[in-house]
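Biologist: I am new to this structure and would like a close look at a single part of it. Could you walk me through one sheet and its surroundings?

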Amino acid sequence: MAQRRWRLSSLQAIIGTIPLIGVSVGVFVICIIFSILWSFTSSKLFPNFDWVGFENYDRLWQTSRWIVSVQNIWLFGVLSIVGNMVFGYVLAVFMDQRIRMEDTFRSIFLYPFAMSLVVTGLVWQWMMDPNLGVQAAMQNLGLEWFRFAPLTDANTAIYGVIVAGIWQGTGVTMAILLAGLRGVDQEIWKAAKVDGIPNWRTYLFIALPMMRGAIATAFVLQCVGVVRVYDLIIALTQGGPGIATQMPAVFVIQHITNRQNVGMGMAAAAMMLAPIIVLIAIRALVMWRAAAQEKRAAKLAIAAEERERLEAAGIAAPVAAE
Amino acid sequence: MKRFVTAAAVSAAALLGTTAYTQAAEVEVIHWWTSGGEQAAVSVFASEFEARTEHTWLDTAIAGGENARAATMQRILGGDAPGAAQFNPGRQYEELIEAGLLLDLTELAESEGWRDFMRPPSTMAACDVDGQVWCVPVNIHSWNWAWASIPVFEAAGVEMPTSFAEFLEAAPAIQEAGYIPFAIGGEGWQINGAFGVVQTSIIGLDNREAILNGKDLDLARELMPEVFETFRSFKPFTDEGSANRNWNDTTNLVVTDQAALQIMGDWARGEFAVAGEVAGEDYECLALPLASPTVSTGGDIFLFPKQGDPDVEAAQLEMASMMVSPQVQALFNNAKGSMPIRGDVDMSLADACMQKGLAIIEDEANIQVDAQRWLTEDTNAQMNDLIAEFWATDMSVEDAVNSYVSILENAD
Amino acid sequence: MTDQAISSPAAGMATDVAGPAGPKPKRLTASRVGVYAFLIIAALFFLIPLWVMIVTSLKTLPEIRLGNLFNWPSDLTFDPWIKAWTTACTGRDCDGISPGFWNSVKITVPSVILSVFLAALNGYALSFWKYRGSELFFGLLMFGAFVPYQVVIYPLIIAFREIGIFATLPGIIILHSIFGMPILTLLFRNFFGSLPGELFRAARVDGAGFWQIFVMIMLPMSVPITIVAIILQVTGIWNDFLFGVVFAGRPNMPMTVQLNNIVTTTTGIREYNVNMAATILTALVPLAVYFISGKWFVRGIAAGAVKG
């Protein structure tokens, strides 16, 4: 009886997730399959099915711009994710100190996210311009040694991009982590206080491990942002100086649209997906094993509960007959 | 004027066999003319179209050529094709022609004699594919200009150069006087444009065509090293801020007499005009190469995606006819600051710099055909990447030439 | 900040808000000063670009050409703001960014509601109603999150054309819901996953079904994460240009198309002051959403605290 009711509700869960199934399979799986197929074709302006084997991949890995893009994404990814997470958590913790004007501060940290990058990118360009921006202003104040013009040099431009990226993205990380902090059980704080644990230790060693969900969310969001970084580059450097700040997504998007080489763009897209496929496969394996264990445990728990309930009610009517 | 209108209407109507009248239709036009001066130009087209016909111009402006072209392509694919769409002359739309997605303008073009009045001929060639006409060229923009600040040259005690070699010789003096000799921005297309002009001035138009159109790899190996070397010799005369600058901020350096010279297309005139500068007094426009000035035939074209609705197609033809008519050409190009696609229009309002250009364009020997005409977007973009990388890094000339040749070799 | 007191560390203070977990200071101490000092310095870092934008938007073009990025305008003008809103040219028409405003609202409101609702439902089902394959679907969805949008645009255009919703309002709403789904689902799934399982089991024991538990218990508890979801979606959809311009159809083109038309130009004159004003004006809606949602950010925890 219990089994049947559970299964019926499960059916409802499946009905409830029809949009999820539709989007994950109907949109992403099918679209990605098409993309991979097209990467083996000579598609130029519009996708077609003239097979050319691995020709696009060959050219891709001989293109110095692609190789620079791949190197950049790792440097950019690691530095901007670490920077964002650390800065975001510190901000969230400080925001959590029962401060006045919390709404104002939160809006200040979030506003960069709300603004079109076309213009904020330009403002950052100006601010990092040696003759116009922060460097010029500081030198006018008499600090002749002051240097802050990362975008002008091919070796440092990527760091300028990271600074602007942190400016734009930290607010969201802060908001997610703050939501996570607020989800931590109040009793924990009481207990920590009673035990005389200093605040900072509570935040670092007790609260942080308890908000795995929020951290995972913020982390994945950052990863997605890094992999798909496009607007920031276009607005800030257009991939320059030279090709020093090119990124894979920029490569893909420009080939699919303006450069009218869909086959090549799709090959690059497929290469972008390769490491993600590996990661997700590993994760799926882990999840699958965990789920199998959990399921066994859940079955037992439900069975026990149901038995208790029925015993308490003293009846055995079929609950979900309709 | 009136007679012309009637003639156009009749010819367009005749093409479709609907003699007496055509149904009023709406024609949606996608274009990327969104800034002030461009707005005035597009308004000429729109209001002339509505004044001369009973049809309506539905304006869909999407800033940025890439955005507008991508939107057009995607909407054609989605079955929501616009009535007309702006492109640059070249190979951007060859696949649209092959797929039969565009309205054939051949009959209209032949009845109005487009092939006869368009000049230079290469303008028409952009739309004339295998004897059929697929698009309408509306204007010509030339890349081959340099903008020089007269006060800077005076202050540095240097004569206006008559060749790049002379300029490079004088550049240290300008630098010592505290000015930026060579103003350039960091965007790929700025660098590439300047490179193209340097290339033309060193190897000449014929060799350029043999390399870019004829794909003569041996000639490229022979001639390109000097081009790359000369181009690099400009590098020491740029400023620190160049790596990340828009073209107009770069022009502003010349406008405000901080820099001596910028290589930039004829649209840069607008920046001087807005700042109230006068050609010949405050600044000089130098047609390039200095020894034998040329005009490059960039510009804009409109193509007309098929609609499957005879009324709209009739209106599309009337729009095409309107765009090339002499009166509209004069009004439009004066507003846009570009050169008309026919010689018989009144451009007496144009400023001194454009008059220079109009004189040069009359001789066919002075025409530098746009590289986009010969190379696909893909090949072109690969060259852009190469030249941007060469400019920004210390890539050797030898490597650069090898890459250049290999891009040409694989071009289709 | 008038929520009733719920379990809070500094018990006994009637005006406490349940939200912030840190200790409530009784008076200004050195550490308090430090907290504010840090926040203010951080806020300055975030605000400098906004300052540049505002002063630039109040300068005349000749003054902008002079440089002096950070200086207050010597020749103060509000014309750029008026121009940005009402008269800047965005093509043939010169009506500023205002005409697209309601289109953006028309696209954003239903898209945000639909996408957040679907994501909450997904997250709930994936956390409490796992079934064979549910994790696989989630994995596939997350995979989709990493794909640059443009990669999947061609199949989608063709599919939308075949269904007949290409270039329509429902089309763009569905599209935004599709692309919002991966991240938002992750958001809700992780949030629900961190809730104590007893709550769900208790509701089950009481005989509540899939939808009852979702609507009566889970939705009210998920307020803080819903706010984060709304922040992400409002921003993403309000600022979307790429899809709006192709998928919304000409009559529904969002405000970003006009913003972009004012701001972006290749060979035209750039009016930086108008660009700045237009950008700030366009961002006002998401900013207002951030500011207002803050109230619920705190209140949401109060609801969540029931679990304690």
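Modeller: Happy to! One definition will help with the angle below: axes are lines fitted to C-alpha atoms, for helices over the stretch in contact, and angles run from 0 to 180 degrees between N-to-C directions. Please keep in mind that this is a predicted model.

Let us go to chain B, where four strands make up an open sheet with mixed pairing, in the order β8-β9-β7-β10. The edges are taken by β8 (180-183) and β10 (283-287) of chain B, and each has a single partner strand, so one side of each is left without a neighbour in the sheet. On average, neighbouring strands of this sheet are turned by 15° against each other, direction ignored.

Now look at one edge. Here β8(B) pairs with strand β9 (residues 259-263) of chain B in the parallel sense, over three bridges. To find this pairing on your screen, pick I180(B), whose bridge partner in β9(B) is A259(B).

Next comes a helix. Helix α12 (residues 247-255) of chain B lies across β7 (145-149), β8, β9 and β10 of chain B, and runs at about 140° to β9(B).

Finally, the wider setting. The domain assignment divides chain B into domain 1 (2-140 + 298-363) and domain 2 (145-296 + 366-409). The centres of these two domains of chain B, taken over C-alpha atoms, are 31 Å apart. Where they touch, 19 residues of domain 1 of chain B are in contact with 20 residues of domain 2 of chain B. On the domain 1 side, helix α16 (residues 352-361) of chain B gives the most, with six residues.

Conventions
Residues numbered from 1 in each chain as written. Chains lettered and ligands numbered in written order. Predicted model: local features only at pLDDT ≥ 70, side-chain atom pairs only at ≥ 80, totals over all residues. Domains from an automatic or database assignment. Contact = placed C-beta atoms within 7 Å. Helix = DSSP H or I, 4+ residues; strand = E, 2+ residues; numbered from the N terminus. Pairing = 2+ DSSP bridges.
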